[in-house]
Amino acid sequence: FLNSYTSAHASSVIEVPTQTLPWGIAFDKSSHVWVAEPGCDPAPACSTTFPATIGEYNLSNASLVKNYNEPSGFSSPLFVAIDGSGNIWFTELNSNAIGELIPGSSPTWNQWKVPTANSIPYDLVFDSKGNLWFTEFSGNKIGFFNTSTHAFVETATPTANSHPYGITRVSGGKIWFAENNSAKIASFSPTKSGKVTISEHSISAQSPHLITSDKSGNIWYSEGFAGKIGEFTPGSNTSKDFNVS
């Protein structure tokens, strides 16, 4: 982990070993880092189902605070997101579920099954109202989960078999996601009901993975199989790629 937010030089990096194959990360309000550690390399799911770990690390000194080991019935946390109360939410691709960890000395674990069987929930993000949105890799849908009523709503991607992967919320509230099995990224405006209209945008990349945005509203995504980073400019509806050296 980095010793500070502003120094990203190699000399300031401290490595904290883990044997559980870390994937998604998120920061809480105390600048602690929460890490989903599924204990496998999904392809796209784990070959076996078993409880794994969510780790909490202190960014200031790069130390492990605590490992939260999942109870029976949970499995393979892949990506994490943190709500306004500091609770940890995560996707469970093998259990086909959304999970919640309420941390503390006596942690509480909650789990809700995704309606579509074998949907393989992947990345997740909160909207400004505290509702959760997530990608369904094999379900080819965008999922909505109301964290108060625990109601699900699912919306199919316009392109069949698109394998939605990374998801992000940009300034202004719109949500974007990558379609790993198509040369497209997509966007929608979140709603209270969970019902949305998805717009797809063609890009030069064949298999975008994770996705984020910059302060200017441009969308950036990784191209894992091509060894590139892509940028999409919504205003001109154009994209360009950058080789990773």
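# A walk through an all-strand chain

The mean positions of the 13 positive and 19 negative charges of the protein chain lie 9 Å apart. That value, like the others here, comes from a predicted model.

Start with the overall build. The protein chain has 20 strands and zero helices. Along its principal axes, the C-alpha trace spans about 50 × 45 × 35 Å. The radius of gyration is 18 Å. A compact globule of 245 residues would have a value near 18 Å, so the chain agrees with that expectation.

Next, the surface and the interior. Of the 245 residues, 48% count as buried. The chain exposes about 11,400 Å². Carbon and sulfur atoms supply 51% of that area. Contacts across the sequence can be counted too. Take the contacts with a separation of 6 or more: residues 24 or more positions apart account for 37% of them.

Now move along the chain from the N-terminal side. Leu21 sits in the segment before β1, the strand that covers 25-27. Its phi is near 55°. That is a positive value in a residue other than glycine. Leu21 has a relative accessible area of 42%. The buried class ends at 20% and the exposed class begins over 50%, so Leu21 is partly exposed.

The loop between β2 (32-37) and β3 (53-58) comes next, and Thr48 is found there. Pro44 is found in this loop as well. A cis peptide bond joins Ala43 and Pro44, with omega about -5°. The structure holds one disulfide. Its partners are Cys40 and Cys46, with sulfur atoms 1.8 Å apart. Both Cys40 and Cys46 are buried. Thr48 has 46% relative accessibility, so Thr48 counts as partly exposed. From Thr48 to Pro38 the step is 10 residues in sequence. In space, the two C-alpha atoms are 11 Å apart.

Further along, turn to Asn96. Asn96 is placed in the loop between β6 (88-92) and β7 (97-102). Its phi is near 55°, again a positive value in a residue other than glycine. Is Asn96 buried or exposed? Asn96 is buried, because its relative accessible area is 10% and the cut-off for buried is under 20%.

Ala97 follows, placed in strand β7. Its relative accessible area is 0%, so Ala97 is buried. Which residues surround it, once neighbours within four places in sequence are left aside? Ala97 is in contact with Phe90, Thr91 and Glu92. It also contacts Gln111, Trp112, Lys113, Val114 and Pro121. Phe90 to Glu92 can be placed by number within β6, the strand at 88-92. Gln111, Trp112 and Lys113 fall by number within β8, the strand at 108-113. Ile175 gives another reference point for Ala97. The two are 78 residues apart along the chain, and their C-alpha atoms are separated by 21 Å.

Thr116 leads back to Asn96. Thr116 is found in the loop between β8 (108-113) and β9 (121-126). At 18% relative accessibility, Thr116 counts as buried; the reason is the cut-off of under 20%. Thr116 and Asn96 are 20 residues apart along the chain, with C-alpha atoms separated by 8.4 Å. They are also in contact. Leaving aside neighbours within four places in sequence, Thr116 touches Glu136, Lys141 and Glu154 as well.

The last stop is Ser182. Ser182 lies in the loop between β14 (175-179) and β15 (184-188). Ile175, the distant reference for Ala97, falls by number in β14. Ser182 has 9% relative accessibility, so this loop residue counts as buried. What does Ser182 touch, not counting residues up to four places away in sequence? Its contacts are Ser162, Ala205, Gln206, Ser207 and Pro208. Thr159 is 23 residues from Ser182 along the chain. The C-alpha atoms of Ser182 and Thr159 are separated by 8.1 Å.

Two loop residues are worth setting side by side. Thr48 is partly exposed at 46%, whereas Ser182 is buried at 9%.

Conventions
Residues numbered from 1 in each chain as written. Predicted model: local features only at pLDDT ≥ 70, side-chain atom pairs only at ≥ 80, totals over all residues. Heavy atoms only, no water. Helix = DSSP H or I, 4+ residues; strand = E, 2+ residues; numbered from the N terminus. Rg over C-alpha atoms; globule rule 2.2 N^0.38 Å. Buried < 20%, exposed > 50% of the residue type's maximum accessible area, 1.4 Å probe, protein only. Contact = heavy atoms within 4.5 Å. Areas by Shrake-Rupley, 256 points an atom, 1.4 Å probe, with all protein chains shown as cover. Lys, Arg positive; Asp, Glu negative; His and termini not counted. Charge placed at Lys NZ, Arg CZ, Asp CG, Glu CD. Disulfide = S-S within 2.5 Å.
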